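Trainee: Could you take me through one part of this model up close, with the cut-offs spelled out as you go?

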Amino acid sequence: MTPSTPPPEKRREINPLTNIIITAPDDQAEGKKNRPNRLAGGGAAVKALDLFCGLGGWSEGLALEGFEVLGVEIEPKIAALYRHPVIVADIISLNPEDFRGYDLIVGSPPCRDFSKFALKIGHHRWKDPPNPERGLILVRAFMYFVSKA
């Protein structure tokens, strides 16, 4: 996708069990029908949950290998650019038990609060200075989520 090409239109669905809004590109369903699920040998889909999905670095690679991917991203502007179904929410507000049945859960909690680079220049670039304790809250939330899902 070039910078001048707008992202594909997204459709919105509400999961009736959780009342969570899930968005997905309209062209995704068509592409997934033709993509072999190499991991499941063509049988049941292998499902991955990508927490703190951002633009989808993990998700893109997993989808190429045949995973059915769902992302969770807190920032709506970033989630709008994500190319797979995505839930716009803070993982702290989600019930991990609603996400049982995933074969793989990955996550990349933001590292800004741990980065040496951020510690050097963070106070100039961000409203809040880097804070490792705040960063650990997200790491702990991820670990809790995985342990309960």
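Trainee: As a warm-up, what is the relative accessible area of E97? After that, please zoom in on helix α2 and what surrounds it.

Mentor: Sure, the warm-up goes quickly: E97 comes out at 44%, so it counts as partly exposed. On that scale, buried is under 20% relative accessible area, exposed is over 50%, and partly exposed is what lies in between, using a 1.4 Å probe and protein chains only. The side chain of E97 pairs with that of R100 in a salt bridge, 3.7 Å from N to O. To qualify, a side-chain nitrogen of Lys or Arg has to be within 4 Å of a carboxyl oxygen of Asp or Glu.

A word on ground rules before we zoom in. This is a predicted model, where local features need pLDDT of at least 70 and side-chain atom pairs count only at pLDDT 80 or more, while totals for chains, interfaces and linings use all residues. Residues are numbered from 1 along each chain as its sequence is written, and side-chain values use heavy atoms, with hydrogens and water left out. The mean pLDDT (the predictor's confidence in each residue, from 0 to 100) is 78, and 64% of the residues reach 70 or more. Be wary of residues 28–34, where pLDDT stays under 50.

The chain has five helices and six strands, laid out from the N terminus as β-β-α-β-α-β-α-β-β-α-α. These elements are DSSP runs numbered from the N terminus: H or I over at least four residues for a helix, E over at least two for a strand.

Now for helix α2. It spans residues 57–64 and holds S59, which counts as buried because its relative accessibility is 0%. Its side chain makes a 2.4 Å polar contact with the side chain of Y82. That term means a pair of N or O atoms within 3.5 Å; within protein, one must be able to donate a hydrogen and the other to accept it, and residues adjacent in sequence count only if both atoms are side-chain atoms. Leaving out residues up to four places away in sequence, S59 touches D50, V69, Y82 and H84, where contact means heavy atoms within 4.5 Å.

Also in α2 is E60, which forms a salt bridge with R83 (closest N and O atoms 3.8 Å apart). That pair links distant parts of the chain, as R83 sits 23 residues away in the loop between α3 (76–79) and β5 (86–88). E60 is partly exposed, at 25%, and R83 is partly exposed too, at 46%. A search of the whole structure finds two salt bridges.

Step back into the loop between β3 and α2 and you meet G54, buried at 17%. With the same sequence neighbours left out, G54 touches E73, I78 and Y82. G54 and I78 are 24 residues apart in sequence, yet 6.1 Å apart in space, C-alpha to C-alpha.

L55 is in that loop as well, but it is exposed, at 53%. Together with I78 and L81, L55 makes a nonpolar surface patch of about 250 Å². Patch members have over 30% relative accessible area and no salt bridge; nonpolar side chains (Val, Leu, Ile, Met, Phe, Trp, Tyr) are joined within 5 Å, like charges within 9 Å. The areas come from the Shrake-Rupley method with a 1.4 Å probe; for residues, only the protein chains shown count as cover.
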